[in-house]
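Student: Here is a chain I would like to go through with you. Can we take it one element at a time?
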Amino acid sequence: VSRQLKEEIRRGFAGLEDPLAGLLAMLENSSDWKGKGHSLGYYITTELQLWIKEHPAVPQSGIQLKKLQARVLGILSQCPANLLDPLISIYQLHTADRNYLLEHISHLYLKGSYKEAAILSMKLKLQPDQDVEKMCTPLLLQDKANVVEDYVGEYPELQSKLLQILDTWCEPGFNIRDITRPYQGLSRYKAEKFNRKTLSKLVFRLLDRFNVDPALCPNVINQRHLRTLNYLFYKRFVEKTMSEENWADHVQSTVGENRWLQGHLIQLLVRHCGECAAARWARLWGVPMDMLPPGLDEQLPEPHTQERIEEATKADNYKDSKKKDYYQLPIPRENIHFLQTWEETLQCWEKVLQPGQVVGIDMEWKPSFGMVGKPRVAVLQIAVKDEVFLLDLPRLLEQAEVEGEKEKLPQFIQMLYSDAAIIKLGYGMSGDLSSLAATCSALKDTEKQQHGVVDLLTVDKQEVDGPSPEHSHEERGVRQPEKGLSLLVQHMLGKPLDKTEQLSNWEKRPLREEQILYAASDAYCLLEIYERLCKDPESFGLSSDLRESLVQKRSIKPVTKKQLNKQEALSPSGQQCQGSKVEASRAPAAVSPREFSVVCDNMLQGLGRYLRCLGVDVRMLENEDDHRKAAEIARQEGRVILTSGLPYQTLQSQVGEGRCFSVNCSEKAKEQALHVLKHFNVQVSLTDIFSRCQ
């Protein structure tokens with residue numbers, strides 16, 4: 001606002017006998033202030049608020065103030081959000097009669113202005129005197145859960161009440177129509193958004209946000225546990241990708257002594273294992289006999305000796321097959337150290353905190369199966385050449401707390417991550433560091449302070465077709481496609497990781513031998529991948545200066561939208577450059593989508609479909625096509641190649657300069673398309689959209 005306007009407004013206040021009444025008269029007789037944004041009415045109101053602070057004698061009191069308060073309440077229900085606080089302050093509504101304010105809110109509610117009633121209640125802090133179910137129900141029906149969250153945000157008692165109400169609505173057999181029936185004529189009513197699934201998600205969000213005891217919501221928690229049970233049985237008996245030990249451990253901790261879940265467990269056991277095995281598991285887990293179907297409690301509680309021998313032989317054969325099918329640690333077992341005391345960790349730090357050291361880092365935590373709270377790291381794996389250290393993080397942190405030296409371990413971890421002279425290797429490190437921060441608050445800034453970090457997830461931005469070892473044992477079931485780090489290990493080292501222990505209970509002690517080997521493999525394979533990349537980059541389609549580019553960059557991260565807005569230059573590989581080398585005068589001439597033709601590699605089909613919607617001439621590789629086919633099509637038809645990750649280095653050398661572009665696979669198709677259009681200066685008009693057959 002110009003100084004001249006401010007001075008004019010203030011002169012106007014000084015000339016009024018009653019500025020507060022004058023402002024109300026202006027607002028009552030003008031509609032300018034009702035729109036969004038900063039209107040003239042908004043500027044006048046906020047200036048009066050400042051002017052009153054400088055002239056303490058101005059505010060009214062007594063009967064005159066009550067009259068003004070009654071008038072301003074009529075305005076508040078119509079005014080935009082940015083005027084609420086100034087008007088409440090100017091007319092001292094916090095000092096008004098509480099019953100009078102509640103009556104006004106009730107009047108708004110009866111008119112159907114539910115959101116306005118809730119917002120004004122929050123501004124005047126009236127929630128403790130209101131019925132939380134009555135105030136929040138219509139807002140939930142209108143899909144305004146964010147307003148509901150804010151409404152109870154400062155009142156723990158109301159948070160608990162709301163969660164108990166929502167949990168009651170999720171009770172099996174409860175008819176949700178009983179809730180919706182009184183609001184049939186509700187404007188903006190979104191029936192499809194009001195169901196058990198949506199309510200369950202809201203309950204978990206509120207439990208997490210307000211840190212409320214989940215025991216308040218038994219119905220929602222039981223339903224989530226039942227979904228977990230179904231998932232565990234699917235992993236064990238359909239996919240056959242979970243070991244019996246892991247499966248039994250998770251089933252037992254999920255069900256506990258909950259009779260409702262025990263009933264569902266028996267049904268699942270009978271369906272997947274048969275009655276005899278169901279009876280044995282039920283006895284083993286202490287399920288009450290009265291929960292078993294008639295006749296089932298008479299089944300044998302223990303397997304026959306012959307059955308046990310057959311199962312043990314089958315397990316031994318299975319372990320032997322794993323050695324043939326999966327990545328194996330190239331170091332002896334005695335070089336894997338499980339560290340549970342501070343004294344034991346000193347040998348780890350002495351070897352790890354050495355300039356020039358290359359370190360593989362991974363973390364494990366107990367699967368949450370969608371329950372409340374962020375996962376807490378149970379094992380921190382640190383691998384160096386020929387050795388792996390497994391740190392029992394909960395035990396070490398607990399010991400440090402008892403000894404009054406809780407900052408020691410976080411300090412060493414921060415030293416490791418912040419030392420640019422030590423190369424840290426990981427895969428999806430951002431998620432690991434988020435869990436590390438949830439485990440120890442002293443480590444919450446580790447991600448901001450890290451240097452010398454190489455996240456191999458940024459190298460592996462595509463799905464690589466690799467050999468799929470055959471399994472000679474039916475126990476394994478249908479082999480699931482490799483993905484993530486396991487797929488990268490298969491591509492680089494010839495065999496995938498065995499992920500059977502991935503969903504282990506990593507908080508249970510002692511760890512099983514299979515868990516220890518799995519944890520060590522996850523960290524050590526990073527060293528081998530990095531060594532292969534640096535030693536022989538050409539065989540993987542990478543440039544010979546890979547080591548220099550990875551190490552000098554220190555921290556490899558995808559370019560964010562904020563960085564792009566700052567117009568920081570991108571190299572053709574999609575990585576950020578040190579300073580802009582691309583001058584505006586050298587930007588390519590503008591072209592229309594019809595003149596722009598591309599071939600999309602098979603990991604970018606979403607981008608291809610999006611560009612085709614905008615009128616671009618797009619050809620897409622099929623899933624089974626080799627990446628090199630893109631170069632053949634590009635040369636024959638004069639197309640630009642759009643690819644990502646490892647194939648970029650190979651493909652760019654097979655076409656002309658500027659005819660191959662690397663796309664960031666961590667972005668959505670729309671963002672990828674915007675970067676492609678901007679890079680090649682493609683100008684899209686309305687007539688181009690859907691101009692090609694979809």
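Student: Which residue follows α31, and near what value is its phi?
Tutor: This is a predicted model. Helix α31 is followed by N681. The phi of N681 is positive, near 55°.

Student: Why do the buried residues of α31 lie on the same side of the helix?
Tutor: Helix α31 spans residues 669–679, and its buried residues are Q672, A673, V676 and L677. An α-helix has 3.6 residues a turn, so residues three or four places apart point the same way. The buried residues lie on the same side of α31 because they cover an arc of only 130° around the axis.

Student: Which exposed residues sit on the face turned away from that buried side, and what covers the buried residues?
Tutor: The cover includes α28 (605–613), β9 (640–643) and β10 (660–662). The face of α31 turned away carries the exposed residues K670 and K678.

Student: Which helix gives the most to the largest nonpolar core?
Tutor: That core has 73 residues, and L76, L87, Y91 and L166 have the most contacts inside it. The helix that gives the most to this core, with 7 residues, is α12 (residues 196–210).

Student: In what order do the 6 strands of the open sheet run, and which are the edge strands?
Tutor: The pairing is mixed, and the order is β1-β4-β3-β2-β5-β6. Two strands pair on one side only, which makes the edge strands β1 (336–339) and β6 (453–455).

Student: Which residue in β6 stands opposite L425?
Tutor: Strand β5 (residues 423–426) pairs with β6 in the parallel sense, over 3 bridges. Opposite L425, in β6, stands V454.

Notes: Residues are numbered from 1 along each chain as its sequence is written. This is a predicted model: local features need pLDDT of at least 70, side-chain atom pairs count only at pLDDT 80 or more; totals for chains, interfaces and linings use all residues. Side-chain values use heavy atoms; hydrogens and water are left out. Buried means under 20% relative accessible area, exposed over 50%, partly exposed in between (1.4 Å probe, protein chains only). Helices (H or I, at least four residues) and strands (E, at least two) are DSSP runs, numbered from the N terminus. The arc is that of the directions from the helix axis to the C-beta atoms. Contact means heavy atoms within 4.5 Å. A nonpolar core is a set of buried Ala, Val, Leu, Ile, Met, Phe, Trp, Tyr and Cys residues joined through side-chain atoms within 4.5 Å.
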